[in-house]
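Reader: I've got a model open and I'd like to talk it through with you. Could we go over it piece by piece?

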Number of protein chains: 2
Amino acid sequence: MTDLRLPAAPRPADTGPPADTGLPADPPRPAVPVERVALRPTPPTRSPRVTEIIGAARRLLEDEGVGSLTMRRLGEVLGIRAPSLYKHLPGKHAVEAALVETALWEAGDALHRVVDGAGPGDVVGRLLAEYRRYALAHPNLYRLTAVDPLGREGLTAGLEDWSGEPFYRATGEPYAAQALWAAAHGAVVLELANRFLPGSDLDRTWAALAAAFTAH
Amino acid sequence: MTDLRLPAAPRPADTGPPADTGLPADPPRPAVPVERVALRPTPPTRSPRVTEIIGAARRLLEDEGVGSLTMRRLGEVLGIRAPSLYKHLPGKHAVEAALVETALWEAGDALHRVVDGAGPGDVVGRLLAEYRRYALAHPNLYRLTAVDPLGREGLTAGLEDWSGEPFYRATGEPYAAQALWAAAHGAVVLELANRFLPGSDLDRTWAALAAAFTAH
DNA sequence: GTTGTTGGCTAACAACGTTAGCCAACGAGG
DNA sequence: CCTCGTTGGCTAACGTTGTTAGCCAACAAC
């Protein structure tokens, strides 16, 4: 979040209705009340078949867990054999990368929406609540983003900047933003992994987190 | 950290010099300046051979990464074949669990030492610094503790309570403790995974984290 | 009508965790 | 001294994983 790269050039206007790629379409951009430092990148274009495959992979992951996300099983739900997948994707890492992208797009949109919603009140609290809500609604998807060192090469340029930007918009300071993001991430990871001691009232833990970043 | 179970009974006195199990021995216990809620459990006893195996596994993990921690490779560095490992351990999960234990013991000792060191100054800051230091000094070991839902069954009873207790001792409030722990964990995980944008001055991020939990 | 591309297929490989079954060494008891 | 049970090695093998090689039908383009 340092080195939040300033927008270099305005995005090119959309040229006609784009194909449905399974990724969130560009939402209407409201007049922004807060300083903006990252523009929403343009989602990558995918062939229809690849979109199908990633969609199936997502369903597989969310419904049956990461253990069921194998190339053979993925082929099975698509009615083809595993090696045929390699006609469309270079390997399993590409499937995972696409799923990580999906999560970043969706979470980014949700978080920006929170910051856009101009309520003057506790922005940090609402941001944390939404972060938690998304992660808990898609635990397997979120976990996938948390594991590996995030092969950045495959990721859409600027996606990370943009999806993390709501934390900057909520705190107004890049390092506080990184700290808040880290705290939210850690809390989600621990909650998803059931690492908090049984009996904990996690709502209160999250409240304590929000308090730390709002008080003073 | 809620449900931090109060110490039920004093630990039994040590009966003679214990065998070296590869786990940290019980340290001398100083007079505690802060309220204590969890006693240091007694490390499990391991056969000498198992201790060798876990030691080799740790070296393998730390030196060559998690991808090299396979049963065949582990046997290789021990001069035996993979199936022979099953004469000593029920499976790979047991190796990983033992390594997670090791990390919890070591980190717990280090963190307690920080809180014990009676400096009246910024306890939270020093605690975070030590947490970060340990994790960065043993990235692969730490990552191992961060991945899976932590098969709690195999873990020494009370280990988690005790290893997390320094956060309670530093904050004085269980939910603030959980929040602080989550924040530290998240920051470490993101730093280890190289998820912060390149160019970030991570010292400042950690400073922001400490500030959030000290100011107010 | 030929030709090139697209997208399926089977067969196979190496590496993984793990199980089954065999056997040498060795300590204890009679 | 002999026997017997245990300990801790071994090989062979199984099922599963990601992945590659090579074959071939359908189809669009020239």
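**Walking through the model**

A:Glu165 is buried, with a relative accessible area of 0%. Bear in mind that this is a predicted model.

Reader: Which helix does A:Glu165 lie in?

Author: A:Glu165 has a relative accessible area of 0%, so it counts as buried. The element that holds A:Glu165 spans residues 159-171 of chain A. That is helix H7.

Reader: How far apart in space are A:Glu165 and A:Leu111, C-alpha to C-alpha?

Author: Start with what A:Glu165 touches beyond its neighbours within four places in sequence: A:Arg36, A:Val37, A:Ala38 and A:His112. A:Leu111 sits 54 residues from A:Glu165 in sequence. In space, C-alpha to C-alpha, the two are 8.8 Å apart.

Reader: Is A:Arg58 buried or exposed?

Author: A:Arg58 is in helix H1, residues 48-64 of chain A. Setting aside neighbours within four places in sequence, A:Arg58 is in contact with A:Leu99, A:Thr102, A:Glu106, A:Tyr134, A:His138 and A:Leu141. The cut-off for buried is under 20% relative accessible area. A:Arg58 comes in at 18%, so it counts as buried.

Reader: Which side chain makes a polar contact with the side chain of A:Arg58?

Author: Look within helix H1, where A:Arg58 is found. The polar contact there is 2.5 Å, side chain to side chain. The partner of A:Arg58 is A:Glu62.

Reader: What about A:Phe213: which residues of chain B is it in contact with?

Author: A:Phe213 belongs to helix H9, residues 202-214 of chain A, and at 11% relative accessibility it counts as buried. In its own chain, leaving aside neighbours within four places in sequence, A:Phe213 touches A:Val124, A:Ala176, A:Ala179, A:Leu180 and A:Ala183. Its C-alpha atom is also 8.7 Å from that of A:Gly125, 88 residues away along the chain. From chain B, the contacts are B:Leu209, B:Ala212 and B:Phe213.

Reader: Zooming out, how many helices does chain A have?

Author: Reading from the N terminus, the elements run α-α-α-α-α-α-α-α-α. There are zero strands in chain A. The helix count is nine.

Reader: What percentage of the residues of chain A count as buried?

Author: Among contacts in chain A with a separation of 6 or more, 71% are between residues 24 or more positions apart. The accessible surface of the chain is about 10100 Å², with 57% of that belonging to carbon and sulfur atoms. Of its 216 residues, the buried share is 51%.

Reader: On to the DNA. Which residues does UniProt list for the "DNA-binding region" of chain A?

Author: The record here is an unreviewed UniProt entry. In the model, the span is 60% helix and 0% strand, and its end C-alpha atoms lie 14 Å apart. UniProt gives it as residues 70-89.

Reader: Which helices each supply at least two residues of the surface near DNA strand C?

Author: There are 17 residues around the strand, and A:Arg81, A:His88, B:Arg72, B:Tyr86 and B:Lys92 come nearest. That surface divides into six nonpolar, five polar and six charged residues. The helices are H3 (82-85) of chain A and H2 (71-78) of chain B.

Reader: How far is the side chain of A:His88 from a phosphate oxygen of DNA strand C?

Author: Of the strand's atoms within 4 Å of the protein, 50% belong to sugar or phosphate. A polar side-chain atom of A:Ser84 lies 2.9 Å from a phosphate oxygen, and B:Lys92 has a backbone N or O atom 2.9 Å from one. For an N or O atom in the side chain of A:His88, the distance is 2.8 Å.

How values were computed:
Residues are numbered from 1 along each chain as its sequence is written. Chains are lettered from A and ligands numbered from 1 in the order in which they are written. This is a predicted model: local features need pLDDT of at least 70, side-chain atom pairs count only at pLDDT 80 or more; totals for chains, interfaces and linings use all residues. Side-chain values use heavy atoms; hydrogens and water are left out. UniProt positions are given in the numbering used here, feature names are shortened, and annotations may be inferred rather than shown by experiment. Helices (H or I, at least four residues) and strands (E, at least two) are DSSP runs, numbered from the N terminus. A residue is near a molecule or strand if one of its heavy atoms lies within 4 Å of it. A polar contact is a pair of N or O atoms within 3.5 Å; within protein, one must be able to donate a hydrogen and the other to accept it, and residues adjacent in sequence count only if both atoms are side-chain atoms. Ala, Val, Leu, Ile, Met, Phe, Trp, Tyr, Cys and Pro count as nonpolar, Asp, Glu, Lys and Arg as charged, and the others, Gly among them, as polar. Buried means under 20% relative accessible area, exposed over 50%, partly exposed in between (1.4 Å probe, protein chains only). Contact means heavy atoms within 4.5 Å. Accessible areas come from the Shrake-Rupley method with a 1.4 Å probe; for residues, only the protein chains shown count as cover.
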